[in-house]
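Student: Please take a close look at one chain of this model. I would like its fold, its charged pairs and its backbone exceptions in one connected account.

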Amino acid sequence: MAKKKNLNPDQQKYQQLQKKHELKRPVLMNCIRAFWVGGLICLIGQAITYFYIYFFNFTEQTAGNPTVATLIFISMLLTGFGIYDHLGQFGGAGSAVPVTGFGNAVISAAIEHRSEGYVLGVGGNIFKLAGSVIVFGVFSAFVVALIKTLIGMIGG
Amino acid sequence: MMKQFRKRWFWIAFFSVLLLAGCSSQDGQQSRTALFKKVDPAPILISPKSSKDTGELNDIKKTVVTDDSTYDVAVARKDKEVLVSYKVKHSQRFQMKKIEKELTKKLEKNYPHYTFSVSSDYKIFLEIVRLGEKLESKKMDRKKAEKRFGEIKTLKDELT
């Protein structure tokens with residue numbers, strides 16, 4: 001609001017005009033779509049967890065690791081086939097927040113820079129989007145482990 | 001466009017089939033649905049061979065079921081070792097560690113002549129049900145069952 005006061009009359013007029021023609025964001029609808037798409041991905045993840053528990057020697061605790069790997073692999077394949085893009089357009093955050101969004105970020109960056117060559121293009125840019133996620137994950141895990149170790153040392 | 005679309009679906013179907021191929025199981029009725037439904041498996045007595053009394057194991061089962069947060073219990077006994085696995089009600093799943101601790105304490109207090117391995121892991125539950133079915137259908141002898149009992153017990157400590 002404070003910024004608007006500094007606008008000159010022409011700018012204010014333009015803002016009003018823009019407001020008139022601006023399309024309203026369907027926030028509620030986006031939330032509902034994200035809820036369903038995200039929930040569907042989690043449902044598939046649960047089914048994969050049961051699959052590993054049932055057919056392989058994984059317990060409830062250890063089945064999480066192969067489940068995450070499988071979900072990322074599937075989302076990478078779907079990104080390559082061009083299906084995950086449609087899902088992303090429909091579900092928004094519902095498809096980006098689960099771990100499948102990570103796979104999508106890696107492969108879409110690789111596809112985008114394919115024309116620049118395998119080393120400087122794909123190799124240099126594959127972790128452009130997902131790299132920050134990996135760094136953040138590794139670093140925060142390091143900090144948490146450090147805190148846990150310190151508490152363990154102090155507490156005996 | 002249509003051809004490309006068909007090709008895409010062909011590949012998706014191909015990978016799905018590949019993923020699920022070879023997964024046909026020879027499980028019994030109870031273990032097939034053990035992860036989704038309440039199956040209420042009968043207690044299993046592997047050894048001692050002479051004893052056929054599962055009365056005490058039924059009591060152990062009742063002790064676990066009467067707890068408000070659990071609902072499906074599988075019990076197996078080998079000599080003085082008892083393996084107890086149960087399912088936790090969905091609303092109580094945040095308190096799983098606490099429930100496990102309390103149940104272990106309760107069982108050790110009520111039945112001091114046994115050593116208990118208590119777990120709420122679905123895998124352990126499923127494996128106890130499978131073991132019971134194999135013993136009942138005589139697909140597994142007692143020696144193998146004893147070995148399998150030990151393997152199931154170690155699953156509890158597996159972290160990777």
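Tutor: What follows goes from the overall build of chain B to its salt bridges and then to its backbone.

The model is predicted: local features need pLDDT of at least 70, side-chain atom pairs count only at pLDDT 80 or more, and totals for chains, interfaces and linings use all residues. Residues are numbered from 1 along each chain as its sequence is written, chains are lettered from A and ligands numbered from 1 in the order in which they are written, and side-chain values use heavy atoms, without hydrogens and water.

Start with the fold. Chain B has six helices and four strands. These are DSSP runs, with helices (H or I) of at least four residues and strands (E) of at least two, numbered from the N terminus. Along the sequence the order is α-α-β-α-β-β-α-β-α-α. The radius of gyration of chain B is 20 Å, well over the 15 Å that the globule rule gives for 160 residues, so the chain is more spread out than a compact globule. That radius is taken over C-alpha atoms, and the rule is 2.2 Å times the number of residues to the power 0.38. Along the principal axes, the C-alpha atoms fill a box of roughly 70 × 40 × 30 Å.

Next, packing. Of the 160 residues in chain B, 41% are buried. Buried means under 20% relative accessible area, exposed over 50%, and partly exposed in between (1.4 Å probe, protein chains only). Among contacts in chain B between residues at least 6 apart in sequence, 63% join residues at least 24 apart. A contact here means heavy atoms within 4.5 Å.

Now the charged pairs. The structure holds 10 salt bridges over all chains. Each is a side-chain nitrogen of Lys or Arg within 4 Å of a carboxyl oxygen of Asp or Glu. One of them pairs B:Arg93 with A:Glu60, with the closest N and O atoms 2.5 Å apart. B:Arg93 sits in the loop between strand 3 (81–88) and helix 4 (96–110) of chain B, and A:Glu60 in the loop between helix 3 (27–55) and helix 4 (64–81) of chain A, so this pair joins two chains. B:Arg93 is partly exposed at 23%, and A:Glu60 is partly exposed at 22%.

Within chain B, B:Lys153 meets B:Glu81 in a salt bridge at 2.3 Å, N to O. B:Lys153 lies in helix 6 (residues 142–155) and B:Glu81 in strand 3, so the pair ties together parts 72 residues apart in sequence. B:Lys153 is partly exposed at 28%; B:Glu81 is too, at 23%.

B:Glu127 and B:Lys123 form another salt bridge, with closest N and O atoms 3.2 Å apart. Both lie in helix 5 (residues 122–136), four residues apart, about one turn of the helix. Both are buried. They belong to a salt-bridge network that also links B:Arg130, B:Arg148 and B:Glu151.

Last, the backbone. Most residues other than glycine have a negative phi, and most peptide bonds are trans. A cis peptide bond joins B:Ser47 and B:Pro48, with omega about 10°. B:Pro48 is in the loop between strand 1 (44–47) and helix 3 (55–65) of chain B. B:Asp40 has a positive phi, near 45°. B:Asp40 is in the loop between helix 2 (29–33) and strand 1, partly exposed at 44%. B:Asp79 also has a positive phi, near 55°. Its place is the loop between strand 2 (70–78) and strand 3, and B:Asp79 is partly exposed at 37%.
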